[in-house]
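Reader: I am new to reading structures, and I would like a close look at one part. Could you take me through the pocket, and then the charged pairs?

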Amino acid sequence: MRSTAEALQAFESTVGRYLDELENLDIEQLHAKPNEEEWSIGQMYMHLIQSAQFMQLRNADQCLAGSGDVLGSTGEKTENGRAAFELGSLPPIRIRVPASPQYTPQQPESKEQLIEGLRGVVERMKRTEIALSQAVEGNKILHPGLGALNATEWFLLVEMHYRHHLLQLERLQNFLENCQ
């Protein structure tokens with residue numbers, strides 16, 4: 001498993017790429033969707049920001065505090081969870097979840113909303129990385145697909161998740177290029 005410092009550096013680099021890509025897009029392009037079932041680039045950015053802030057880093061914080069849904073050391077990773085952390089990345093497959101108000105991200109209101117959101121995640125990652133030295137390894141919270149993860153694993157998952165979505169970004173950029 002990579003160190004949290006290496007993961008933070010890789011994360012900042014990936015976010016830099018997302019910010020660079022954002023510079024070349026206007027709000028119409030950010031809202032454009034290949035079809036009703038797929039997300040726009042803007043929705044994908046919203047998903048990355050919200051899942052980091054309200055799931056992954058929230059769960060890391062709860063593991064650090066020993067509060068909320070913490071399981072203690074009884075939980076284990078699933079086979080997919082073990083594989084992801086051994087490889088240091090999520091498999092390069094598309095994960096499709098049926099559209100729903102609970103899961104489908106809203107369209108962004110502006111580019112600035114996305115820029116501020118990404119910068120906010122970077123700042124929270126920096127604060128969390130410092131706190132991880134105090135983490136109790138056995139404090140874990142269940143991830144729906146990967147199983148029981150501790151604070152460090154939730155932190156590492158943020159970076160893996162952002163890197164995983166670069167494939168979707170490429171696909172959506174190709175869609176935009178073909179529309180012009």
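Author: Here is a walk through the pocket, followed by the salt bridges.

Keep in mind that this is a predicted model. Start with the empty space. Rolling a probe the size of a water molecule over the atoms shows where empty space is left. The largest pocket has a volume of about 1,300 Å³. Its lining is made up of 45 residues. Closest to the centre are Trp-39, His-47, Ile-95, Tyr-103 and His-161. Find those five on the model, and you have found the middle of the pocket.

Which helices supply the lining? Four of them give at least two residues each: α3 (41–65), α4 (79–87), α6 (151–164) and α7 (166–179). Helix α3 gives the largest share, with seven residues. By type, the lining holds 22 nonpolar residues, 16 polar ones and seven charged ones.

Now turn to the charged pairs. Side chains of opposite charge can pair when their charged atoms come close. The whole structure has ten salt bridges. Take Arg-17, which has a place in two of the bridges described here.

One partner is Glu-21, at 3.9 Å from N to O. Both residues sit in helix α1 (residues 4–23). They are four residues apart, about one turn of the helix. The other partner is Glu-170, with its closest N and O atoms 4.0 Å apart. This pair links distant parts of the chain: Arg-17 belongs to α1 and Glu-170 to α7, 153 residues apart. How open are these two side chains to the outside? Arg-17 has a relative accessible area of 32%, so it counts as partly exposed. Glu-170 has 42%, so it is partly exposed too.

Next, look at Arg-94 and Glu-38. Their side chains meet in a salt bridge of 3.0 Å, N to O. This pair also links distant parts of the chain, 56 residues apart. Arg-94 lies in the loop between α4 and α5 (111–131). Glu-38 lies in the loop between α2 (27–31) and α3. Is each of them buried or partly exposed? Arg-94 is partly exposed, at 39% relative accessibility. Glu-38 is buried, because its relative accessible area is 17% and buried means under 20%.

Finally, some bridges share partners. Arg-2, Glu-159 and Arg-163 are joined in this way into one network.

Definitions and conventions
Residues numbered from 1 in each chain as written. Predicted model: local features only at pLDDT ≥ 70, side-chain atom pairs only at ≥ 80, totals over all residues. Heavy atoms only, no water. 1 Å grid on protein atoms, 1.4 Å probe; cavity = no way out; pocket = protein on both sides within 12 Å on 5 of 7 lines; lining within 4 Å. Points joined across faces, edges and corners; volume = space filled by probe spheres on them. Nonpolar A, V, L, I, M, F, W, Y, C, P; charged D, E, K, R; others polar. Buried < 20%, exposed > 50% of the residue type's maximum accessible area, 1.4 Å probe, protein only.
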